[in-house]
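Reader: Please show me this protein. I would like to ask about its strands and its core.

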Amino acid sequence: MAWRDVMSHHNSRCCGCCCCYSCNQRQLLAVILIFTIAMGAPHSDPSAANYPAPVTTHGFFATRNNTKVTAQKGGTALLPCTVLSQTSALVSWVRRRDFQLLTVGLSTYSSDERFLVEHIRHMGHWALRIKTVRDEDQGLYECQLSVHPVQSVFVELKVVEAVADIVGAPDLHIDEGSTLRLECKLKRATEYPEYVFW
């Protein structure tokens, strides 16, 4: 039925009372609703239906998804995972490279004793600590919360090697009898060195 036919049909039944204005409003809203359903919502992208909806972790984790952590070779890496949910759900860590289950709750399931959970009670912190970091530790790790459906955040670990450089090396030229000052700079270090040898 065309819009003018709808209004003509309604006006033919109008009694002239004060409620006709509100009746017209309801009729107009009904027609707009039918038009919207038939034409689709404005500014919608038809191609968006081809992509799956992203999994949201809002309300479960304080840690941002795809957090990046850098640790030096031989040092200690601390991968953060802070859970906001106050449920009794278990927190697990999985290494995505080989889908190795590393920890569940406070228990370590890996035979590699370098992996352990650092948990702060009542604060929701479930960080994964990796001691004596190796090159092969680099990659993606997943912190899972055992709710339905399973919620998770990913943390990427980058392993670097700290090196020491003498400023101005390899050749330093000074006058005889003058004072020599050598400056050593530590690069790509993520921890303070326990000692420095000259």
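Author: Short questions and answers follow. This is a predicted model, where local features need pLDDT of at least 70, side-chain atom pairs count only at pLDDT 80 or more, and totals for chains, interfaces and linings use all residues. Residues are numbered from 1 along each chain as its sequence is written, and side-chain values use heavy atoms, with hydrogens and water left out.

Reader: What pLDDT does the protein average?

Author: pLDDT is the predictor's confidence in each residue, from 0 to 100. Over residues 1–57 it is below 50. Where pLDDT is low, the predicted coordinates should not be read in detail. Still, 69% of the residues score at least 70, and the protein averages 75.

Reader: Over how many bridges do β6 and β7 pair?

Author: Strands are DSSP runs of E, at least two residues long, numbered from the N terminus. Two strands pair if DSSP finds at least two bridges between them. β6 (residues 115–120) and β7 form a hairpin with 4 residues between them. They pair in the antiparallel sense, and the number of bridges is 6.

Reader: Which residue in β7 stands opposite L79?

Author: Strand β2 (residues 77–79) pairs with β7 (residues 125–130) in the antiparallel sense over 3 bridges. The residue opposite L79 is L128.

Reader: Which strand gives the largest share of the largest nonpolar core?

Author: A nonpolar core is a set of buried (under 20% relative accessible area, 1.4 Å probe, protein chains only) Ala, Val, Leu, Ile, Met, Phe, Trp, Tyr and Cys residues joined through side-chain atoms within 4.5 Å. The largest one has 24 residues, and L79 and L128 are among those with the most contacts inside it. Its largest share, 4 residues, comes from β9.

Conventions. Contact = heavy atoms within 4.5 Å. Buried < 20%, exposed > 50% of the residue type's maximum accessible area, 1.4 Å probe, protein only.
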